[in-house]
Amino acid sequence: MTSESQSQLSTGPVDTGSTTAKPAYDTNKYEELVEGSAKILFPKSKVFYNPVQQYNRDLSSLAIRAFSELLVEEKQAKKRNKQPQSNRPNKKQIDQATESTTTTTTTTTSGTNTTTTSNTAEKTGEKESETTEQSSEANNTSTSGTEEQVEESSSSPSQEPFLNILEALSATGLRAIRYGKEIPLAQTVIANDLSKAAVDAIQVNVDYNDIAGKVIPNEADAVNYMANNKSKFHVVDLDPYGTASPFIDTALNAIKDDGLMLITCTDLGVLAGNGYPEKCFALYGGTNLWGDATHESALRLVLNMIANTAAKYKKYIEPQLCLSIDFYVRLFIRVKTSPINVKLLASQTMITYNCSVRNLG
C-alpha cells in the first residue's frame with residue numbers, strides 16, 4: 001500500500017488533451033508522476049521525493065477534508081444556538097395560567113354556583129390548554145422549519161472555500177498540489193521550502209496542474225516564515241526529514257485557534273529505540289523504554305513534547321489520530337486556546353519506570 005508500485009512513472013510525451021493547454025517540458029529532464037489527483041514533474045535526481053510515504057499523503061488529504069467539513073458543521077451549530085428563541089410560553093407563563101385556573105375554581109360560595117363556575121373554569125382551562133398546545137405546535141413547527149432550512153443550507157454545495165493550509169516543508173509540492181485539488185474547501189495552500197530548486201520545481205508543478213492562485217510556492221526558512229507571517233492558518237502540516245521538534249514552537253503560533261496540526265517524525269531510531277537515549281531526551285523530554293510498546297511510547301513522547309510546548313502559549317492539544325507507520329510516526333492534533341485546560345497538563349502527564357530484571361519472585 002506504500003510502495004512504488006502505486007505510483008505511475010512515465011517519461012513519454014505530456015498529455016495535452018485537456019481543455020487548458022499545459023506547458024511543454026523536456027521529458028529528458030523531467031519525470032512525470034501520477035499520485036491521487038496530482039500529476040507532477042520533477043527534475044531527475046535533484047528534488048527529494050519519497051514514494052513510500054504515499055499512504056501518508058493519502059491519509060493527510062482525507063483527514064484535512066474531513067476536518068474542513070467538521071469545521072463547517074461546528075460553525076452552523078453555533079449559528080443555530082445563537083438564533084432567537086420562539087415565542088412559545090415558558091415555564092413561568094404556564095405556572096401562572098395554572099394558578100389563575102385554580103383560583104377561579106375555589107373562589108365560589110354557593111354549591112350550584114360552584115358547579116357552574118367549576119365547569120366554566122374547566123372549559124376555560126381546556127381552551128387555554130388547547131391554545132397553548134396550538135401555539136406550542138406552531139412554534140415548534142417554525143423552529144423545526146428553521147433548523148431544516150439551516151441543515152439544507154449546510155448540505156448544499158454552495159459553501160465557499162475558506163481553508164488556509166500551510167505545508168511548511170514542501171519539497172516537490174506534490175502534497176500541496178494534492179491538497180489544492182482534493183480538498184474542495186481549500187482556499188489557499190502555501191507550499192514553502194528553503195531550497196530555491198525545490199520552489200522552482202513547485203512552480204513548474206503548479207503550472208502543470210493548472211492550479212495557480214490556489215497553491216502558492218514560497219521560498220523561506222520554515223521557522224522564520226511561521227514566526228513572521230501575520231496571517232494564521234487553519235491547517236499546518238509539518239513533514240520534515242527527521243524530527244519535527246525545532247518547528248513546533250512557531251507552528252503553534254502560526255495556527256488558528258481550534259486548527260489542525262499534522263506532524264511527522266521520521267527518527268524512529270531515536271524515538272522507538274534505545275541507542276540514543278540522550279538525544280531522545282533532548283528532543284522529546286523523555287527516553288523510550290525497551291519492551292513491547294516502544295512504538296506507542298514513541299507516540300506518547302511526541303504528544304508530551306507538543307503538549308508541553310503548547311502550554312507555554314496557553315494552548316492545549318486534542319489528539320485526533322496518532323499512527324506509527326514503517327519508519328515514522330504521524331499525528332493529527334487539534335490545537336485550542338484554554339488556560340483552564342492547560343492547568344490539567346500536570347495531571348495528564350506521568351513518568352513510567354521499567355524494571356529490567358524480571359521474574360524476581
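Select Glu 35, Arg 57, Asp 58, Arg 178 and Glu 182 together, and show their side chains: in this predicted model, these five residues are linked in a network of salt bridges. Within that group, narrow the selection to Asp 58 and Arg 178, whose side chains meet in a salt bridge with 2.6 Å from N to O. This pair links distant parts of the chain, since Asp 58 belongs to helix α1 and Arg 178 to helix α4 (residues 174–182), 120 residues apart. If you colour by relative accessible area, the two partners fall into separate classes: Asp 58 has 30% and is partly exposed, whereas Arg 178 has 4% and is buried.

Keep helix α1 on display and move to Glu 74, which forms a salt bridge with Arg 334, the closest N and O atoms being 3.2 Å apart. Which parts of the chain does this pair tie together? Arg 334 lies in strand β10 (residues 328–337) and Glu 74 in helix α1, so the bridge joins parts that are 260 residues apart in sequence. Here the arginine is the buried partner, because the relative accessible area of Arg 334 is 4% and the cut-off for buried is under 20%; Glu 74, at 27%, is partly exposed.

Next, select Glu 167 and Arg 175, and draw the distance between their side chains, which meet in a salt bridge at 3.5 Å from N to O. Are these two residues buried or exposed? Glu 167 counts as buried at 3% relative accessibility, and Arg 175 is likewise buried, with a relative accessible area of 4%. By the distance rule applied here, the count for the model comes to 16 salt bridges.

For the charged surface, switch to a surface representation and select Lys 75, Lys 78, Lys 79, Lys 82, Lys 232 and Lys 256, which form a positive surface patch. Helix α1 (residues 54–82) supplies the largest share of this patch, with four residues. Lys 256, another member of the patch, lies in strand β8 (residues 255–265). Why does Lys 256 count as partly exposed? Its relative accessibility is 31%, and partly exposed covers the range between the buried limit of 20% and the exposed limit of 50%, so Lys 256 falls in that class.

From the surface, turn to the interior and select Ile 248, which is placed in helix α7 (residues 248–254) and is buried, with a relative accessible area of 0%. To see what surrounds this side chain, leave aside its neighbours within four places in sequence and display the residues in contact with Ile 248, namely Leu 238, Ile 263, Met 305, Ile 306 and Thr 309. For one of these, Thr 309, a C-alpha distance is worth drawing: the C-alpha atoms of Ile 248 and Thr 309 are separated by 7.4 Å, although the two residues are 61 residues apart along the chain.

Finally, zoom out to the whole chain and show it as a cartoon, where there are 11 helices and 10 strands to trace. Of the 361 residues, 39% count as buried, and the accessible surface comes to about 20,600 Å², of which 52% belongs to carbon and sulfur atoms. On a contact map, among the contacts with a separation of 6 or more, residues 24 or more positions apart account for 66%.

Conventions: Residues numbered from 1 in each chain as written. Predicted model: local features only at pLDDT ≥ 70, side-chain atom pairs only at ≥ 80, totals over all residues. Heavy atoms only, no water. Patch = residues over 30% accessible without salt bridge, like charges linked within 9 Å, V, L, I, M, F, W, Y side chains within 5 Å. Areas by Shrake-Rupley, 256 points an atom, 1.4 Å probe, with all protein chains shown as cover. Salt bridge = Lys/Arg side-chain N within 4 Å of Asp/Glu carboxyl O. Lys, Arg positive; Asp, Glu negative; His and termini not counted. Charge placed at Lys NZ, Arg CZ, Asp CG, Glu CD. Helix = DSSP H or I, 4+ residues; strand = E, 2+ residues; numbered from the N terminus. Buried < 20%, exposed > 50% of the residue type's maximum accessible area, 1.4 Å probe, protein only. Contact = heavy atoms within 4.5 Å.
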